[in-house]
Amino acid sequence: MLLTASRVFTISKRSFHAYPIAKKFVITPEIKAAIERKGPVVALESTIISHGMPYPQNVETAKAVENIIREQGAIPATIALLDGKVHIGLTDETLEHLGKIGPKAQKTSRRDLSVVLSQNKAGATTVASTMILARAAGIPVFVTGGIGGVHRGAEQSFDISADLTELGRTPVAVVCAGVKSILDIPKTLEVLETQGVTVTTIGKNNQFPAFYTPDSGFKSPYHVEDPLDAAKSIHANHELEMNSGMVFAVPIPSASAADAASIQHAIDTAIAEARANNVHGKEETPFLLKRIAELTKGESLAANIALVKNNAKIGGQIAVHLSQLKNRV
């Protein structure tokens, strides 16, 4: 695990040298103790708090997600950058602060980490940066809403999320509701294959979910029926020292899913508005999610909250099983 600049951290049998920014890490005592004993810890991103939902739903959802993870027997570790430090685990005060400043926090991916840290800015971590920082802290399981991917029209814009590249080189398992449905799902699955990322649906079949709805019309290469089998896959990935991430796609429960037709209409409308207003790059996803919530009169936001909570339940269970497997070695 990484606690000081001179220490190393370990995932499975492989040791990694600590990053130079190790002295900038602030890890809560609870999380630090759990990492040291190979206990179950679940990383959580902070962009979903700052850019994914409005206040106060963002803070309420973040706290609910943390509680759900605790109910499974695991410890939540929400990650964010504040005052020139990487925080692994947020207090109620820092969580509230991040929720209130919302989009004023800089959306921070891999390319942004050094700048945000050096300038003492508030940074909300994306999937990519959360993976990097979770790995540095020794946390192998990460729960989020949905991963980034290939944007529609990428054949002209070349707009492809850094999340996909990170998944190809950082050994953290990402539990999500699939790819955000505002994206090009089949192209995203193709890029994940190129990056060598194992994509597995957790459920009764291998239907790949579409974030707000349980079935995108595309299939995952693999599926497992329960969190234990997911944990076994992660453990095998570490034993083989694959040094790549894994995607575990958890379909939103049907009772919580949004209406597919209304969601698709809202997505098409929001994308057209984004193009007309020249919204692109890292600003596009927050714009689209907000506009879709408006167009669906809150239906998409309700589904978003429900799927994140469901992912937290499954992710917490995976972390517990993975901890048990590692401690048997």
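**Exercise 1. What percentage of the 329 residues of the protein count as buried?**

Solution. Start with what you're looking at: this is a predicted model. Buried here means under 20% relative accessible area. Go through the 329 residues with that cut-off, and 57% of them count as buried. Now turn to the outside: the accessible surface comes to about 13800 Å², and 53% of that belongs to carbon and sulfur atoms.

**Exercise 2. Work out whether the radius of gyration agrees with a compact globule.**

Solution. Begin with the expectation: for 329 residues, a compact globule would have a radius of gyration near 20 Å. Then take the value for this protein, 18 Å, which agrees. For the extents, the C-alpha trace spans about 50 × 45 × 35 Å along its principal axes. As for what fills that space, count 13 helices and 15 strands. Finally, check how the chain meets itself: of the contacts with a separation of 6 or more, 73% are between residues 24 or more positions apart.

**Exercise 3. Find the cis peptide bond and place its proline.**

Solution. Look at the bond between Y55 and P56: omega is about 5 degrees, and the bond is cis. Next, place P56 in the fold. It sits in the loop between α2 (47-52) and α3 (57-71).

**Exercise 4. F211 and E241 have positive phi values without being glycines. Where does each one lie, and is it buried or partly exposed?**

Solution. Take F211 to begin with. Its phi is near 65 degrees, and the residue lies in the loop between β12 (207-210) and β13 (213-219). Its relative accessibility is 2%, so F211 counts as buried.

Now E241. Here phi is about 55 degrees, and the loop is the one between α10 (227-239) and β15 (246-249). With 39% relative accessibility, E241 counts as partly exposed.

**Exercise 5. Tally the charged side chains and locate the centres of the two sets.**

Solution. Counting gives 34 positive and 31 negative side chains. Then compare where each set is centred: the two centres lie 6 Å apart.

**Exercise 6. How confident is the prediction, and which stretch has a pLDDT below 50?**

Solution. Overall, the pLDDT averages 91, with 93% of the residues scoring at least 70. The stretch to flag is residues 1-21, where the pLDDT is below 50. In the model, this stretch still has 52 contacts beyond near neighbours in sequence.

Technical notes: Residues numbered from 1 in each chain as written. Predicted model: local features only at pLDDT ≥ 70, side-chain atom pairs only at ≥ 80, totals over all residues. Heavy atoms only, no water. Helix = DSSP H or I, 4+ residues; strand = E, 2+ residues; numbered from the N terminus. Rg over C-alpha atoms; globule rule 2.2 N^0.38 Å. Buried < 20%, exposed > 50% of the residue type's maximum accessible area, 1.4 Å probe, protein only. Contact = heavy atoms within 4.5 Å. Areas by Shrake-Rupley, 256 points an atom, 1.4 Å probe, with all protein chains shown as cover. Lys, Arg positive; Asp, Glu negative; His and termini not counted. Charge placed at Lys NZ, Arg CZ, Asp CG, Glu CD. pLDDT = per-residue confidence, 0-100.
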